[in-house]
Amino acid sequence: MAHSMNVNVSVETPAESIIQEINYDGQEIYQPPLSMSENLTRLAQKIDFSKPIIDEVKSEPNDGEKIEESIQETPLNNASVNLPFEAIAAKIRNAATEICVLVDVLNIAREKNYMVLDPVPQEPPETKPMAHIYSRKKALFQAGSMLTSAAERLRTTQSETNRSRSNADFHIELLRLRQNWRLKKVSNSIIGDLSYRTAGSKFPQTGMFEVTKADDDDVTNTNGNVSPAQSSTVTPNPQQSALRVTIPTELQGVAYIMVLCQKDDERLFNTSINLLSSPAAPSNPDMHWQQKLEAAQNVLFCKELFNQLAKEAVQLQAPIPHMVIGNQITATVLPNIQLVIGLCHSSGNEITKQSNNSNLTNKTTPQKSNHDHVLEHSLHQLLREVHHKNTHHPFPHPSSGPLGPSTKRYLAGPNAADRYELLSLTKNSTLLEQIIEQAQHFFMRIRAEQVLDTIAKQIKDPIIISHWNSLNSPTQSSVRVTIISHGFDFMCRTSLLVHVLQKSFRCICKDGKIMNLSYECEELRNLILCQIYHHQMVGIQNIAKSMGWQLLASTPYLGIGNVEPLGNASSSILASPLGDRLIAIRCEPQGKVHVSIAHSPRKDFFSGQLVKERKWENLGGPFKEVRWDKMEGKNFLNKMELLMASLTSSS
Amino acid sequence: MKNTALQISTKNGINFRDPEEGFRRSKSTRTDISFRDLSSSQQRTVDVLHNSEQPASVFSILDTGSKTIPVVADTLFDLLVMKMNTVLQKRQKIESRGSRFELCDFCIKIGSVTVPGAGQNFKGVLLEIEYRACVIPNYCWEFMKEFIQGFLGTNTLNVPPQYLQTRMNDVYQPIDTIQQYLEHFNMFRKSTGIMSYN
């Protein structure tokens, strides 16, 4: 039958894992098999180091009987022989025993009480001198040949490195170049960029330079004494480097921006500047690449600066138009004063000279001392500020709004700024305007200094002290002018604050009056002179008060007497404490004072036909002028004090 | 900046002097877009206002039943409101458009109020007078009253507008102008045509 031929055979692998438990539904849970480390642990635990070892040496000479016995014994020890580490353990035990014995022997021999180590005397070997010599010679010869071969090898490697040192040098120099400049590899050549692009510049001129290896034929030109036998161990000139940079021709050389402020006397237009008579640094073809690149970068910066200034000079509308001629921009700062900005570029060995087409000779060559370094530095700073603004946009940087407006503009919305405020936000002053403002302020400051110094030197009677504020900006400074009289500074002190702005002065007096003056120094001078004589009058009044004299009348603007060329005269009339003397003072802005004295009961009263009674003598006599230059006293107030003191009678 | 607004009937045309030297004339507009807030159960309106005097700002006043919350924001606020179409339902737009005259420290704006919609519905005329030299209403209310009486005669107010009466000693802000405009715009919205101010 078919079905009886087929027998179902089920094949099952023997259970390798031990069954831990059987669930009620018949599922068997196996104990997980031991891992490798667990297995090892299990075996190692079975080693018993305290058990006596099987002595294999003694078992060798045994007869077959003992072999049978040992075979019979082995089933007993089967369990121990099957252990995997038993052999290792036995060997370690043997080794331990041997070492213990050795240690004991050495310890005993060291004490030298019971055992002593004695060397065994050896017979001296036969000496064959000739063979000895021959063997030594051979040995030395071998050593010598080894050394010479080694030296040869070293020499060949050194000559190789000398030749290829330029290669290693090149890479080291390239590394240093990369640390300072931006380089990139374009097909075969290495191109670098020295422009200010990444700093925020938008100048279209590129500053690409190429880096190449310095050629070898330039190097081997040192001395002809080199014998051909020696390998070419020519060390390159330590000042030359292994790489060479090629800079575009328009950026070669050295450039700087020359800023001049000069008085424009008769001519309407300036002639060209005759450029540097001696270039700042002659461009050396062997100059180190770092200096070359820095000089080229400076040239690029100056070009960008000049380009920007020239563009603005053409676009801006000034009352007196700016002029751009060649490499030079002329702008009028103040009437008769011009600011000349020129780009001086000396490229290579030739100095580019502009054609000198004027009749005036000496005035066209600017002296180096006229060049204003401060303004040049300001120009550099202004351009750097422009670059900075191009890259650094003010916070916040909203993802949903425009990027670029200033912080004030961002706040203009929520602060409900009206159209006038918004208009003022849009006013950006250009580079040229800013530098002109700085130059204007520079001149205003010099003028103020001159005026104050001249007045202080000329007028000694009240002392004029000017304290310049140490904190100032390129477009504004301030000075405090104090007028005191020597010896009377507690009595009377006049001070005023003068703000020096770009094109004007603003004076703030102690009484709160604010006066805006123009750029003419004469106005400032007149103001200070008026303040001086005003100070004298106030001083007189204060002294009179302190001495007990009474102020009868005082007029700051006197309408009588000669017409003053400057300001108005002022006058005061003082009466002594007893009333018997009168002093009248007339103070003129030019500095002259007229002092007159009168006696109150007239000394020269004679009763005549018309005026009969004695009482009319109290009307007061005529004023007699005092010869002020003969008066004693250090200064005006001192003289007044002495006069008052002398006129005060005690009765 | 002190401010007062008058509402004048349309029948009386105001003969304003032609701009002469001393006057500077330019255009000015104020627009108000009103939204109804659908998010909460109570009736809340959000008004978004623009004033050509402050071109960089957008004003918004949220009017719950109990209080009003003013907001002054940048022009991006408009875009934000546009995105909130689901919550805010647009109701009505009203604007006051006209000329602006400057005379020394005064600024006079005359606007005709219209509702842009199907046909420009004309609602009235608004006159705004601003004195730009002073920020406390109390100090210059009398002066302004005198100025207004100079050309309006007896039609002027004797007391400051109601909005300002509680704020006479506070610093005046542009949002106050907008609040006053909003009051008048709301009055215009309710009315249909001529209305006189009491």
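Which residue in β5(A) does A:Ile191 stand opposite? That was my starting point today, and I kept in mind that this is a predicted model.

**Entry 1: the four-stranded sheet**

I went to A:Ile191 and looked across to β5(A), where A:Glu210 stands opposite. Next I checked the two strands around that spot. Strand β4 covers residues 189-193 of chain A and strand β5 covers residues 208-213, and the two pair in the antiparallel sense over four bridges. As a reminder to myself, strands of a sheet pair through backbone hydrogen bonds, either parallel or antiparallel.

Then I zoomed out. β4 and β5 belong to an open sheet of four strands in chain A, in the order β3-β4-β5-β6, with antiparallel pairing. I wanted to know which strands stand at the edges, and they turn out to be β3 (182-186) and β6 (243-246) of chain A. Each has a single partner strand, so one side of each is left without a neighbour in the sheet. The twist averages 30 degrees from one strand to the next.

**Entry 2: β14 and its two partners**

I moved on along chain A to strand β14, residues 505-509. On one side, strand β13 (residues 493-500) pairs with β14(A) in the antiparallel sense, over five bridges. These two form a hairpin with four residues between them. Strand β15 (residues 514-517) also runs antiparallel to β14(A), joined to it by four bridges. That pair makes a hairpin too, again with four residues between the strands. I looked into this turn and found A:Gly512 with a positive phi of about 100 degrees.

A:Cys507 was handy for tying this together. Its bridge partner is A:Val498 in the β13(A)-β14(A) pairing, and in β15(A) its partner is A:Met515.

Which residues of β14(A) are on the covered face? I noted A:Phe505, A:Cys507 and A:Cys509 there, while A:Arg506 and A:Ile508 are on the uncovered face. That fits what I learned: in a regular strand the side chains alternate between the two faces of the sheet.

**Entry 3: a glutamate in a helix**

Last stop: A:Glu304, which sits in helix α7 (residues 289-315) of chain A. Is A:Glu304 buried or exposed? Its relative accessible area is 10%, so I wrote down buried, as the cut-off for that is under 20%.

What does A:Glu304 touch, leaving aside its neighbours within four places in sequence? I listed A:Ser201, A:Lys202, A:Phe203, A:Leu383 and A:His387. I picked out A:Leu383 for a distance check: A:Glu304 and A:Leu383 are 79 residues apart in sequence, and their C-alpha atoms are 8.8 Å apart in space.

Conventions. Residues are numbered from 1 along each chain as its sequence is written. Chains are lettered from A and ligands numbered from 1 in the order in which they are written. This is a predicted model: local features need pLDDT of at least 70, side-chain atom pairs count only at pLDDT 80 or more; totals for chains, interfaces and linings use all residues. Side-chain values use heavy atoms; hydrogens and water are left out. Buried means under 20% relative accessible area, exposed over 50%, partly exposed in between (1.4 Å probe, protein chains only). Two strands pair if DSSP finds at least two bridges between them. Axes are lines fitted to C-alpha atoms, for helices over the stretch in contact, and angles run from 0 to 180 degrees between N-to-C directions. Contact means heavy atoms within 4.5 Å.
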